[in-house]
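Hello,

Here is the structure I promised to pass on to you. Please open it alongside this email, and then read on for what turned up in it.

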Amino acid sequence: MLASIGTTGTQDTLKLLPFVVMAVVAVIDFGSGPTSGLLPLLALGPAFASVACGLARTTVIGVVALVLCVALGLYNDILWTPRTNITMFAILGVTVASVLASAGRLRHERQLADVRSVAEAAQRVLLRPVPRRAGPGIGVAVSYTSATAEARIGGDLYEVVTTPHGVRIIVGDVQGKGLEAVETAAVVLGAFREAAHDEKKLQGVVARLEKALTRELSGEQFVTAVLAEIRGGSTIAVINCGHPPPMVLDAEGTIWFADPPDEALPLGMSALQVSKPQPHHIPFEPGDQVLFYTDGVIEARNGFGEFYPLPERAHLLDGEDDPQGSLDALRADLLHHVGRPLGDDAAMLLLRHRAAQENSSAA
């Protein structure tokens, strides 16, 4: 919302700029007389108008500039002199060029708006809203930031599915970028949504993803992913397929990364796998939080080349009662650290096991 307000303020300023420039030129020329030679600067009015104004407004500004030129020429008694005539032709030419430039800009803006609307529709299909709860007392929050601002979507993926076998989660990152990465992410999510309901074991879900990707991927492409399963109790079963390990924040404030004892190869590389991946278990007691993320988070650099210090920023996840508010604060800090558009997509999914007193008060 703040970005939208800032953009609107800038556009309003740009729309007023042509009038300000022409007024300044007219006042100075009116005070200094015919020797100032500022009349050609009136052409700046329609030139600036092409940046932010529509066709009608740009035309009006050009007419105003031409009228001011004639009025100042009459006042200084230099109308119809070669210098004034050249200035009027210059204003007329700049106005015509500005109208054409404004038409091209508006056409580009309409095309960009269409692309964004299609991207938003694709995002709603590909990355559906996840449930706010993943079982009794377990809150869920997600954040996705695409490196391609106009596209809104990329190769990172996430999903939370409630099944007869428990709540199953995937967070992944497709190798590569662009439409090909988006297509691969769609394959992974489609296969996961089906397999999560059909397969009794988490290993079966991984096998189904491998089969789906084998039909789609070519060459050396692959997908890193971490799959998790919550069946109640005080642990989360996790299979890590070449993905950054989840960050765990326990109720005591201790921060650690859940590195798997035996990390599986990324999805799509099953031919090189010696043994089938086995799940390991992460403690998940009341008050604990588990953050799943993609490498776009930990590999985000600021202007000095420094990586984002995720463990040092973990305290931001304790700042809000709502897990989504906490994750939004972490995302805002990530963007502030980078200070520019991200170089890679960044997805985060937070699980929070609410404390017992929290659960009873919510009930």
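A term you will need first: a salt bridge here is a side-chain nitrogen of Lys or Arg within 4 Å of a carboxyl oxygen of Asp or Glu. By this rule, 10 salt bridges are counted. Please keep in mind that you are looking at a predicted model.

**The chain as a whole**

The protein chain has 10 helices and 10 strands. It holds 363 residues, and 44% of them are buried. Its accessible surface is about 18,300 Å², with 61% of that belonging to carbon and sulfur atoms. If you take the contacts with a separation of 6 or more, 70% of them are between residues 24 or more positions apart.

**The open sheet**

A good place to begin looking is an open sheet of 5 strands, in the order 1-10-9-6-7, with antiparallel pairing. Which strands stand at the edges? They are strand 1 (138-145) and strand 7 (255-257); each has a single partner strand, so one side of each is left without a neighbour in the sheet. From one strand to the next, the twist averages 15°.

As general background, strands of a sheet pair through backbone hydrogen bonds, in either a parallel or an antiparallel way. Strand 1 pairs with strand 10 (residues 346-353) in the antiparallel sense, over 8 bridges. To find this pairing on your screen, start from I138, whose bridge partner in strand 10 is H353. Helix 9 (residues 323-338) packs on the sheet and touches strand 1, strand 9 (289-293) and strand 10. The direction of helix 9 makes about 25° with that of strand 1.

**Salt bridges to look at**

Helix 9 also takes part in one of the salt bridges, through D333. The side chain of D333 meets that of R313, at 2.7 Å from N to O. R313 lies in helix 8 (residues 310-313) and D333 in helix 9, so this pair ties together parts that are 20 residues apart in sequence. R313 has 23% relative accessibility and therefore counts as partly exposed.

Another pair is E229 and R168, whose closest N and O atoms are 2.7 Å apart. Since E229 belongs to strand 4 (residues 223-230) and R168 to strand 3 (residues 166-174), the salt bridge ties together parts that are 61 residues apart in sequence. Are these two residues buried or exposed? Both E229 and R168 are buried.

Then there is R208, which forms a salt bridge with E194; here the closest N and O atoms are 4.0 Å apart. R208 sits in helix 6 (residues 202-216) and E194 in helix 5 (residues 178-198), 14 residues apart. With a relative accessibility of 25%, R208 counts as partly exposed. R208 and E194 also belong to a network of salt bridges that includes D198 and E199.

**A pair of helices**

Finally, have a look at helix 2 (residues 44-52) and helix 3 (residues 55-75). They pack at an angle of about 170°, and their axes are 8 Å apart. Angles over 145 degrees count as roughly antiparallel, and helix 2 and helix 3 are therefore roughly antiparallel to each other. Which residues meet where they pack? On the helix 2 side they are G45, P46, A49 and S50, and these meet T58, I61, G62 and A65 in helix 3.

Enjoy exploring it!

Best wishes

Methods:
Residues are numbered from 1 along each chain as its sequence is written. This is a predicted model: local features need pLDDT of at least 70, side-chain atom pairs count only at pLDDT 80 or more; totals for chains, interfaces and linings use all residues. Side-chain values use heavy atoms; hydrogens and water are left out. Two strands pair if DSSP finds at least two bridges between them. Helices (H or I, at least four residues) and strands (E, at least two) are DSSP runs, numbered from the N terminus. Axes are lines fitted to C-alpha atoms, for helices over the stretch in contact, and angles run from 0 to 180 degrees between N-to-C directions. Contact means heavy atoms within 4.5 Å. Buried means under 20% relative accessible area, exposed over 50%, partly exposed in between (1.4 Å probe, protein chains only). Accessible areas come from the Shrake-Rupley method with a 1.4 Å probe; for residues, only the protein chains shown count as cover. Angles under 35 degrees count as roughly parallel, over 145 as roughly antiparallel, 65 to 115 as roughly perpendicular and the rest as oblique.
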